[in-house]
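Trainee: Got a minute to go through this model with me?
Mentor: Sure, let's look at it together.
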Amino acid sequence: MPTTAAPPPITPPRFTTARLDALPLDPAYAEEMAAVLADPALYGFTGGEPPVPAALRARYERQCAGSPDPGERWWNWVLRVREDGEAGGELVGYVQATVRGSRAEIAWVVGTPWQGRGYASEAAQGLAAHLASAGGVRELVAHIHPDHAASAAVALAAGLGPTGEWEDGERRWAASVTPPPVP
């Protein structure tokens, strides 16, 4: 009798990297994340403006409720730096994945005070590995403004490469991923 794979859970499993804990999004993070996302410079390539805590909480509540499309998962994590290898450091940004079947569109943001430390690359690499092993993802996609060199470097670090496709003025980057070998 053939079996079908169960859809991934609505709430994403947490994951860790060498310096970061990727914690499933919760509206309780809204106030701290509003401070992380407060610099208007973060929106130079993507548009928008810094969120106020109440609006961010409402957005997080919608995101945590999940996509209205049962075949799609909105997976969002906040990034917390571990202090001396221990949990409990400050939030520095987020990663997200819209998962549909074996394909995920990913994005990342690290607040300006924490940029230049490799957190975005580390988080994007961890996200790619996590999605391949825990989420059943085999294709990653990101859309990056052509002048956003830092984001392009993060995509390269996560194994994505630029394609000839464009959407809303952003270049599509893509990668095929394979699950880790079973020991």
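Mentor: One term up front: buried means under 20% relative accessible area, exposed over 50%, partly exposed in between (1.4 Å probe, protein chains only). The model is predicted, so local features need pLDDT of at least 70, side-chain atom pairs count only at pLDDT 80 or more, and totals for chains, interfaces and linings use all residues. Residues are numbered from 1 along each chain as its sequence is written, and side-chain values use heavy atoms, with hydrogens and water left out.
Trainee: OK. Is D168 buried or exposed?
Mentor: D168 counts as exposed because its relative accessibility is 74%.
Trainee: Where does D168 lie?
Mentor: In the loop between β7 (161–167) and β8. Strands are DSSP runs of E, at least two residues; helices are runs of H or I, at least four; both are numbered from the N terminus.
Trainee: What about the phi of D168?
Mentor: Positive, about 50°, although D168 is not a glycine. Most residues other than glycine have a negative phi.
Trainee: Switching to α4. Which of its residues are buried?
Mentor: S151, A152, V154 and A155, within residues 149–157. They line one face of the helix, because they fall within an arc of 155° seen down the axis of α4. That arc is taken from the directions from the helix axis to the C-beta atoms.
Trainee: And which exposed residues sit on the face turned away?
Mentor: A149, A150 and L156.
Trainee: What covers the buried residues of α4?
Mentor: The cover includes β5 (103–110), α3 (119–134), β6 (139–144) and β8 (170–176). Contact there means heavy atoms within 4.5 Å.
Trainee: What follows α4?
Mentor: G159, with a positive phi near 95°.
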